[in-house]
Amino acid sequence: MTSIPLKEISPRSRRRVLLGVTGSIAAYKAPEIVRRLQDDGCEVRVIVTHAARQIVGPALFEALTGTRCMGEFWDSDVGGSDPEKVEIEHISWGDWADCLIIAPATADCLAKMRLGIADTPLLATVLAARCPIIVAPAMNCHMWGSVPNQEHITVLRDRGVIFVGPSEGSLACGWEGAGRLAEVDAIVGKIREVGTPQTLAGHHIVVALGPTRERIDPVRYISNRSSGKMGCAIIEAARARGAIVTAVHGPLSVPLPYGLHRAIEIESARDMADALDMVVWHSSPSVSAVVMAAAVADYRPAVMLSEKHKRGGDDGETCSLVLEQNPDILASLSRRRGGARSPLLIGFAVETIPHGAELISEFQRKRRAKGVDLLVGNRGDDAFDRDTTVAYLVAGTDTQSRRVEGTKRAVSGVIMERLAEMLGPN
Ligand code: CTP
């Protein structure tokens with residue numbers, strides 16, 4: 001068995017994000033962006049302009065990041081790792097960053113960026129930085145639509161600056177229109193995407209996730225412990241690599257990731273089978289791969305009671321429920337695609353067998369039985385309700401299984417890279 005070391009686990013492989021905050025009212029959302037980036041595994045430093053300091057002070061960002069916010073020009077004797085060494089921060093911070101994001105970015109900031117004005121530490125850093133630059137504008141809708149602002153945006157886009165938002169809606173100034181800061185999810189998703197090789201670009205991937213619920217009566221159901229975290233991590237990893245993603249999901253305990261092509265919520269296994277039938281065989285663009293990360297209930301009550309089942313008789317009385325088997329969704333997708341091997345199918349399996357040869361051979365057996373191209377096997381104790389997992393990747397084309405261990409996000413990245421290898425360019 002081969003083990004794959006996960007890059008994401010080493011401290012340096014955390015992405016370094018430099019966040020510039022300028023003086024729009026939406027600056028109050030910047031601390032949330034910092035938190036979400038940190039949750040996403042990023043190391044964050046912040047530069048707050050004078051205007052933004054009227055809305056949100058550096059002390060808050062310093063507490064969140066554990067790092068000083070960039071000070072004034074030539075305030076250069078602090079912040080470096082070597083106290084003897086003078087650091088020119090508006091150069092060294094740009095060199096440090098894997099990605100620079102300005103959120104919110106005012107019209108004034110965009111105009112100065114276009115002209116290369118460098119009269120503040122943030123603007124000087126922008127001019128010197130060689131990493132990808134993302135801006136999330138926020139301003140009044142008329143400022144956004146104005147001729148000079150639109151000209152600046154066109155020029156900045158041509159130079160490779162990446163825009164996220166603005167979105168439309170009610171604005172702090174009382175007007176309605178385009179100019180709202182993009183959703184925090186959209187900003188974090190864009191940062192994740194920038195710098196990740198677009199190995200799944202153009203591929204439409206369907207991810208089934210979460211548990212199913214099988215109703216007993218109007219107030220009770222049979223279900224399982226799946227939270228949907230692994231499926232969400234798969235969606236994020238696929239989106240970060242440029243895939244178009246449709247989700248078919250049961251009731252989740254975590255929010256669905258941003259940027260889905262389509263999301264279909266279902267309840268029971270039969271609902272999931274119907275939804276997948278519709279999406280997998282009748283979608284445009286056509287589906288390249290299906291990832292069955294759902295914890296499908298194998299059985300449902302043979303009869304669904306239309307009224308609540310009443311407690312009756314004495315304490316200790318027994319009551320039995322007759323169950324019938326649900327369809328095996330993955331196996332039927334595999335039968336339907338036949339020898340064509342399109343779409344590619346990835347299954348998941350959770351077992352309780354201890355780590356070892358018996359566990360691996362059960363995953364191999366299940367992969368063959370379901371007729372899938374890749375099976376990702378876990379042990380329940382390693383995966384349920386956790387942010388980390390230990391997974392075995394068992395592919396028909398490999399002679400050996402591979403063991404991957406780490407956060408669900410990191411493991412999902414490895415699975416999506418394996419899928420990209422199997423699919424090839426679109
Ligand atoms: N699966 C499915 N339809 C079902 C049950 C499972 O499509 N009715 C899918 C799951 O989404 C997963 C894979 O099959 O991708 C393996 O699920 P698992 O529960 O491990 O397999 P089962 O066939 O239910 O086998 P077991 O007897 O071990 O529960």
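**Exercise 1. Strand pairing around β4**

Task: In this predicted model, find how many bridges join β4 to β5, and state how the two strands run. Then work outwards to the whole sheet.

Solution.
- Step 1. Start with β4 and β5. Four bridges join them, and the two strands run parallel. Within this pairing, Ile102 stands opposite Val135 in β5.
- Step 2. Turn to β2 and β4. They are also parallel, joined by four bridges. Here the bridge partner of Val17 is Cys99 in β4.
- Step 3. Move on to β2 and β3. Six bridges join this parallel pair. Gly20 stands opposite Ile47 in β3.
- Step 4. Put the strands in order. The sheet is open, has five strands with parallel pairing, and reads β3-β2-β4-β5-β6.
- Step 5. Look at the edges. β3 and β6 (162-163) each have a single partner strand, so one side of each has no neighbour in the sheet.

**Exercise 2. The two faces of β4**

Task: Which residues of β4 point one way, and which the other? Is the strand enclosed or open to the outside?

Solution.
- Step 1. Recall the rule. Side chains in a regular strand alternate between the two faces of the sheet.
- Step 2. Sort the residues. Cys99, Ile101, Ala103 and Ala105 point one way. Leu100, Ile102 and Pro104 point the other way.
- Step 3. Check burial. Buried means under 20% relative accessible area. Seven of the seven residues of β4 are buried, so the strand is largely enclosed by the rest of the structure.

**Exercise 3. The largest nonpolar core**

Task: Which residues of the largest nonpolar core touch the most other members? Which element supplies the largest share?

Solution.
- Step 1. Begin with the general trend. Nonpolar side chains tend to be buried together in soluble globular proteins.
- Step 2. Name the best-connected members. The core has 32 residues, and Leu19, Val21, Val46, Phe61 and Ile187 touch the most others.
- Step 3. Trace the sources. At least two core residues come from each of β2 (16-21), α1 (30-39), β3 (43-48), β4 (99-105), β5 (133-137) and α9 (184-193). The largest share is five residues, from α9.
- Step 4. Zoom in on Val21. Leaving aside neighbours within four places in sequence, its contacts include Ala27, Val46, Phe61 and Ala103.
- Step 5. Look further afield. Apart from this core lies another, of 31 residues, among them Ile234, Ala243, Leu393 and Val414.

**Exercise 4. Helix α9**

Task: How many residues of α9 are buried, and what do they pack against?

Solution.
- Step 1. Count. Seven of the 10 residues are buried, and the helix is mostly covered.
- Step 2. List them. They are Val184, Ala186, Ile187, Val188, Gly189, Ile191 and Arg192.
- Step 3. Find the packing partners. The buried residues pack against β2, α1, β4, β5 and α10 (229-240).
- Step 4. Follow the chain onward. Just after α9, Gly195 takes a positive phi of about 95°.

**Exercise 5. Salt bridges**

Task: How many salt bridges does a search of the whole structure find? Then examine three pairs and one network.

Solution.
- Step 1. Take the total. The search finds 24 salt bridges.
- Step 2. Examine Glu267 and Arg215. Their side chains meet at 2.6 Å, N to O. Glu267 lies in the loop between β13 (262-265) and α11 (269-282), and Arg215 in strand β10 (residues 214-217), so the pair ties together parts 52 residues apart in sequence.
- Step 3. Examine Asp328 and Lys370. The closest N and O atoms are 2.8 Å apart. This pair links distant parts of the chain, 42 residues apart: Lys370 is in helix α13 (residues 357-370), and Asp328 in the loop between β16 (323-325) and α12 (329-337).
- Step 4. Examine Asp315 and Arg311. Their closest N and O atoms are 2.7 Å apart. Asp315 is exposed, at 68% relative accessibility. Arg311 is exposed too, at 74%.
- Step 5. Add the network. Salt bridges link Asp40, Arg192, Glu236 and Arg409.

**Exercise 6. A surface patch**

Task: Which residues form a nonpolar patch on the surface with about 310 Å² of accessible area together? Where is Ile55 found?

Solution.
- Step 1. Name the members. They are Ile25, Tyr28 and Ile55.
- Step 2. Place Ile55. It is in the loop between α2 (50-53) and α3 (58-65).
- Step 3. Classify Ile55. Its relative accessible area is 34%, so it counts as partly exposed.

Methods: Residues numbered from 1 in each chain as written. Predicted model: local features only at pLDDT ≥ 70, side-chain atom pairs only at ≥ 80, totals over all residues. Heavy atoms only, no water. Patch = residues over 30% accessible without salt bridge, like charges linked within 9 Å, V, L, I, M, F, W, Y side chains within 5 Å. Areas by Shrake-Rupley, 256 points an atom, 1.4 Å probe, with all protein chains shown as cover. Salt bridge = Lys/Arg side-chain N within 4 Å of Asp/Glu carboxyl O. Buried < 20%, exposed > 50% of the residue type's maximum accessible area, 1.4 Å probe, protein only. Core = buried A, V, L, I, M, F, W, Y, C linked by side-chain atoms within 4.5 Å. Contact = heavy atoms within 4.5 Å. Pairing = 2+ DSSP bridges.
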